[in-house]
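Colleague: I am new to this structure and would love a close look at one small part of it. Could you pick a single spot and walk me through its surroundings?

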Amino acid sequence: MSRSILYRVIYEDLSSQIHSGALKAGSKLESESELARRYQVSRMTVRQALDLLFAEDLVTRKRGSGTYVRENPRRGRRLNRLRSFAQELAGAEEPVTSRTLSATEERAPREVAEGLGLETGDAVNRLRRLRLVGGVPAAVQDAWLPYAVAPGLSREPLVEGSLYRTLTERHGLRLRWADQTLTAALLGPTEAELLSATVGGAVLHSLRVTYSDTERAVEYTNSWTLPEFPLLLRIDAE
């Protein structure tokens with residue numbers, strides 16, 4: 001297994017322990033040498049994994065002391081990888097929850113059909129959800145999916161509230177990548193009411209089209225996120 005894959009394995013394992021509470025806030029991680037022995041890799045590979053945890057604000061470094069799980073991780077959504085809303089906010093102290101507003105079978109309007117590579121009027125599932133952080137409305141998401149991709153989606157509860165987990169675990173999809181556009185916008189009456197915000201207030205609008213490993217568009221989602229929940233990016237030098 002290549003080093004580039006190994007450091008991701010280490011990152012995922014430590015990240016999972018932090019999110020689950022197995023590694024508690026403020027606790028000290030093992031040293032690079034100890035982690036290298038545990039995972040049977042080089043210290044350089046461990047350092048890459050720790051660098052990624054640091055970039056995502058999950059850990060902090062104290063000179064001469066070591067690496068610690070961050071006490072107060074910065075709240076914000078991270079878009080470094082294709083992830084669910086809850087995963088994007090992983091590390092936030094407040095619980096991330098979802099409230100389904102509606103789940104229906106509909107006919108694809110023109111713009112949705114174009115985004116999904118369908119014909120206007122083709123069958124689609126539509127899922128509208130309110131995303132909350134610490135019980136406070138953070139975002140509204142309006143997702144459209146080809147009916148053939150997940151036929152029972154509108155009639156069955158999501159796997160632990162996650163659309164992506166439902167698509168992968170129940171419907172066997174392998175999600176590969178997404179195109180996403182982000183624009184500043186003003187809240188309309190419907191979204192403002194759902195978000196307990198003021199009509200005309202600032203909001204970040206995003207449009208994501210997600211593709212499977214067969215390069216088929218499987219999700220067309222509009223999202224409106226309040227500015228209190230910024231989108232955080234790690235940008236690597238070339």
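Modeller: Happily! Let us start with a side-chain pair: the side chains of Thr221 and Glu219 make a polar contact at 2.7 Å. Please keep in mind that this is a predicted model. To find the spot, look along strand β9, which covers residues 217-225 and holds Thr221. Is Thr221 buried or exposed? With a relative accessible area of 5%, Thr221 counts as buried, because the cut-off for that word is under 20%. Now look at what surrounds Thr221, setting aside residues within four places in sequence. Thr221 is in contact with Gln141, Asp142 and Ala143, and also with Ser206, Leu207 and Arg208. You can place some of these partners along the chain: β6 spans 136-146, and β8 spans 202-212.

Those two strands also lead to a pair of residues worth a glance. After β6 comes a loop that runs to α6 (163-170), and Glu160 lies in this loop. Glu160 is exposed, with a relative accessible area of 69%, and has a positive phi of about 50 degrees although it is not a glycine. Before β8, the loop that follows α7 (189-194) contains Ser196. The phi of Ser196 is positive too, near 55 degrees, in a residue other than glycine. Ser196 is exposed, with a relative accessible area of 63%. Why point these angles out? Because most residues other than glycine have a negative phi. So, back at our starting place, picture Thr221 as a buried residue whose side chain makes a polar contact with that of Glu219.

Key:
Residues numbered from 1 in each chain as written. Predicted model: local features only at pLDDT ≥ 70, side-chain atom pairs only at ≥ 80, totals over all residues. Heavy atoms only, no water. Helix = DSSP H or I, 4+ residues; strand = E, 2+ residues; numbered from the N terminus. Buried < 20%, exposed > 50% of the residue type's maximum accessible area, 1.4 Å probe, protein only. Polar contact = N/O pair within 3.5 Å; in protein donor to acceptor, adjacent residues only side chain to side chain. Contact = heavy atoms within 4.5 Å.
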